[in-house]
Amino acid sequence: MTKTTRIMLGVIGIVILASIIGILAKSGGLLGVSHVGQTGSKPTVIIGVTLPLTGDVAMLGQSNKNAIELAYSQLDKTNLKYDYKLVFEDDGFKPSIGATTANKLISVDKVDALISFGSPVGNVVSPIAEAAGVPHINDFASDPHVATGQYNYVDYTPASEDAKLFVQELQRRGINKIVFFGQQDNPGSAALINAFLDGVKLTNIQVLSTQMIVTGTRDFRTEISKVKNLGANLYVLELSSPELETVTKQLRTAGVKTPVSTMETFEFSDQLSLFEGMWYVNCADAAQWFVDLYTKTYGTAPKFGAANGYDTLNMIVQSVEKAGDGITVPKGTEINARIGSIKGFDGALGTGMSMGSDHLVASKAVVRMIKNGVPVTITP
Amino acid sequence: MEYLIHIAILISIYGILGLSLNLVVGFTGLLSVTQAAFYGIGAYVTAILLTSTGMNFFLAMLLGIVITAIISLAIGFVLSKFKDDYYALGSFGFNVIIYSIFLNWQSLTRGPLGIPGIPRPSLFGFTFSENIWFLVLSVVILGTIYFLCRFITTSSFGRVLKAIREDEEAISVFGYRTLWYKLAIFVISAGMAAVAGSLFASYITFIDPSSFTLTESIFILAVIILGGLANNKGAVLGAVCLILLPEILRFVGFPSDIAAQMRQVTYGVILILLMLYRPQGLVGEYRL
């Protein structure tokens with residue numbers, strides 16, 4: 001093959017690939033895009049969802065998707081002004097892919113509202129949604145910066161709320177010497193530890209040591225040997241699964257009987273018996289009816305943050321219904337105005353929730369305890 | 001349209017990365033997997049300067065290139081002690097080190113929380129806020145780097161690089177100090193990767209360490225292997241294919257429950273088939 005032929009083939013290849021993508025974008029796919037919902041006689045409102053369905057946090061993303069689909073299935077479709085269609089895209093929890101999925105949802109699927117998951121992707125989606133004038137709610141962001149701009153919101157308990165309650169609980173229980181295990185490549189872990197260190201400044205609580213580990217580490221004996229004789233009366237494990245369970249088991253094997261606790265991360269685990277009798281702080285509690293409904297539908301308990309997904313979809317639907325006349329789909333500005341003024345919202349995370357002027361849904365953290373292998377809320 | 005523009009911008013950025021890595025791997029025969037680290041340094045320098053000092057993008061990009069070049073010079077000196085597989089392992093180590101710095105120097109980089117709100121470039125009062133204008137900017141930069149690479153690889157300097165790749169001892173016998181050639185191309189390549197990093201940071205407006213992992217270096221390596229080693233057009237063609245392919249798969253109607261996973265599997269299978277039937281890449285002139 002000559003050089004010229006190769007170049008020609010390359011150019012033809014590029015044109016063909018670009019054409020395929022263009023045609024598929026216009027037609028909606030070879031066999032239909034990955035979406036939920038049917039269109040009928042009513043105008044259709046399209047809600048785009050970008051979340052991690054592959055990768056390290058796919059377990060949480062899938063649970064969030066289930067909850068959004070559950071909320072969709074629960075809509076009283078006959079009495080709504082609009083039909084709704086959900087379009088899901090996988091971003092793998094990667095910011096650059098999140099930018100791609102957000103652009104696709106906005107410019108190809110022409111979504112009327114967007115839902116994203118987590119701070120890294122949320123921070124990328126926010127400016128894109130803002131520029132396009134599409135209301136965007138992130139249902140799993142610890143970083144409030146995601147809510148920057150007119151069209152961006154966060155429906156997730158802020159890390160500062162978790163940390164504030166955690167400090168209060170430590171003081172109430174007379175715990176003043178703690179050791180942290182954190183995950184250095186986990187934004188949620190970093191946000192919670194930073195918020196805790198800010199909150200603990202004016203107290204008598206001492207952080208004796210902070211051991212930052214990398215995701216994928218399985219042998220923590222060196223870190224444990226460094227901290228086991230420091231005299232801590234609590235080990236705080238800001239780790240996702242399976243590091244969380246591995247550290248706990250290796251602490252016990254090393255003869256450390258000190259209790260362990262966490263902000264949020266026990267909820268990642270499917271081995272809750274390891275933490276029997278341990279208390280922890282969690283972001284706003286999912287209502288029992290939601291847990292039961294989800295469990296009945298999917299045969300497994302909802303993961304952490306699923307209730308936020310359920311509520312987020314309902315907030316958007318309620319806002320669209322209030323903003324529109326049922327004849328034409330309301331504009332982004334109209335839906336946005338309704339989202340920004342949400343008050344007294346009753347959902348899976350409680351009743352009477354409101355959208356704050358900072359674009360954050362005010363939801364309070366709770367103290368929970370593992371009893372008989374099940375998380376139980378011990379303070380409202 | 002915005003979606004296609006977005007994809008074209010990503011292709012431009014990865015095209016620059018492919019071109020830069022091709023100088024080291026394709027033309028000089030040094031199997032480096034540090035490119036994501038240099039890409040990241042460029043991105044972080046630009047992001048930090050833009051968000052904390054409000055500096056002009058182009059000046060920040062220039063500083064990013066300079067800082068990356070200095071760091072790559074140090075890394076290149078160390079890597080010059082290694083050959084073949086050991087070179088690859090050494091470069092692997094440096095990628096891990098720099099990634100760890102991004103992750104742990106929290107006072108500067110915000111660690112895993114990343115740096116949000118990075119502004120778009122502006123020049124003489126004109127801001128590249130619309131994607132179409134950003135695409136023009138990134139294509140102009142891609143074109144400039146493409147012609148720079150072509151100039152380098154067709155010059156006598158480039159011929160020495162190819163000679164080093166083919167037989168380093170033989171070229172040394174003729175009095176060429178190969179260390180300096182390898183070091184020079186490594187630094188030039190790193191500087192180009194920094195340009196891609198600056199564009200990425202300013203375009204995406206948010207960066208965190210997850211964008212600059214070893215996996216990213218392997219992806220850039222895959223771009224040039226698929227496109228074709230030691231061929232500048234191949235580097236760009238590889239970027240086109242590897243960016244477009246997963247996007248096309250988004251429109252294939254896999255069942256909703258397993259769509260994301262099926263796309264990944266299909267993407268993997270297509271890459272394996274391409275390597276089986278076209279091991280030298282699409283327009284490659286050299287095989288590792």
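The following exchange examines how several descriptions of this predicted model are justified.

User: Why is the pair formed by Phe38(B) and Phe186(B) called edge-to-face?

Analyst: The planes of Phe38(B) and Phe186(B) stand at 85 degrees to each other, and an angle over 60 counts as edge-to-face. The centres are 5.5 Å apart, and rings pair if their centres lie within 6.5 Å, so both conditions are met. This is one of 34 aromatic pairs over all chains.

User: What makes this pair a link between parts apart in sequence?

Analyst: Phe38(B) belongs to helix α2 (residues 35-52) of chain B and Phe186(B) to helix α8 (residues 178-204) of chain B, so the pair ties together parts that are 148 residues apart in sequence.

User: How do you know whether Phe38(B) is buried or exposed, and Phe186(B) likewise?

Analyst: Buried means under 20% relative accessible area. Phe38(B) has 0% and is therefore buried; Phe186(B), with 2%, is buried as well.

User: Which residues of chain B are linked into a cluster by ring pairs?

Analyst: The cluster consists of Tyr14(B), Tyr39(B), Tyr44(B), Phe102(B), Phe200(B), Phe212(B) and Phe219(B).

User: What makes the charged end of Lys65(A) count as sitting over the ring of Phe88(A)?

Analyst: One criterion is that NZ of Lys is within 6 Å of the ring centre, and the charged end of Lys65(A) lies 5.0 Å from the centre of the Phe88(A) ring. The other criterion concerns the ring normal, with a limit of 35 degrees; the contact is classed as sitting over the ring. The charged end of Lys77(A) likewise sits over the ring of Tyr72(A), at 4.5 Å from its centre.

User: How do you know where the second largest pocket lies with respect to domain 1 and domain 2 of chain A?

Analyst: Domain 1 (44-156 + 286-363) and domain 2 (159-282) of chain A both contribute residues to the lining, so the pocket lies between them. Its space is about 560 Å³. The lining comprises 28 residues, and Glu267(A), Ala301(A), Pro302(A), Arg368(A) and Pro375(A) lie nearest the centre.

User: Which element gives the most to this lining, and how is the lining divided by class?

Analyst: β15(A) gives the most, with four residues. At least two residues each come from α9 (288-298), α10 (306-323) and β15 (374-379) of chain A. By class, 16 residues are nonpolar, seven polar and five charged.

User: Why is Phe220(A) called buried?

Analyst: Its relative accessibility is 0%, and the limit for buried is under 20%, so Phe220(A) counts as buried. Phe220(A) is placed in the loop between β8 (206-213) and α7 (221-227) of chain A.

User: What is notable about the backbone of Glu264(A), and why is this residue called buried?

Analyst: Glu264(A) has a positive phi of about 80 degrees although it is not a glycine. With a relative accessible area of 6%, it falls under the 20% limit and is therefore buried. Glu264(A) is located in the loop between β10 (260-261) and β11 (279-282) of chain A.

User: How do you know whether Thr205(B) is buried or exposed?

Analyst: Thr205(B) has 10% relative accessibility, and since buried means under 20%, it counts as buried. Thr205(B) lies in the loop between α8 and α9 (214-227) of chain B, and its phi is positive, about 70 degrees, although it is not a glycine.

Conventions. Residues are numbered from 1 along each chain as its sequence is written. Chains are lettered from A and ligands numbered from 1 in the order in which they are written. This is a predicted model: local features need pLDDT of at least 70, side-chain atom pairs count only at pLDDT 80 or more; totals for chains, interfaces and linings use all residues. Side-chain values use heavy atoms; hydrogens and water are left out. Rings of Phe, Tyr and Trp (its six-membered ring) pair if their centres lie within 6.5 Å; planes under 30 degrees apart count as stacked, over 60 as edge-to-face and the rest as tilted. Buried means under 20% relative accessible area, exposed over 50%, partly exposed in between (1.4 Å probe, protein chains only). On a 1 Å grid over the protein atoms alone, a cavity is a set of points where a 1.4 Å probe fits but cannot get out, and a pocket is an open set with protein on both sides within 12 Å along at least five of seven lines; lining residues have an atom within 4 Å of a point. Grid points are joined across faces, edges and corners, and a volume is the space filled by probe spheres set on the points. Ala, Val, Leu, Ile, Met, Phe, Trp, Tyr, Cys and Pro count as nonpolar, Asp, Glu, Lys and Arg as charged, and the others, Gly among them, as polar. Domain bounds come from an automatic or database domain assignment.
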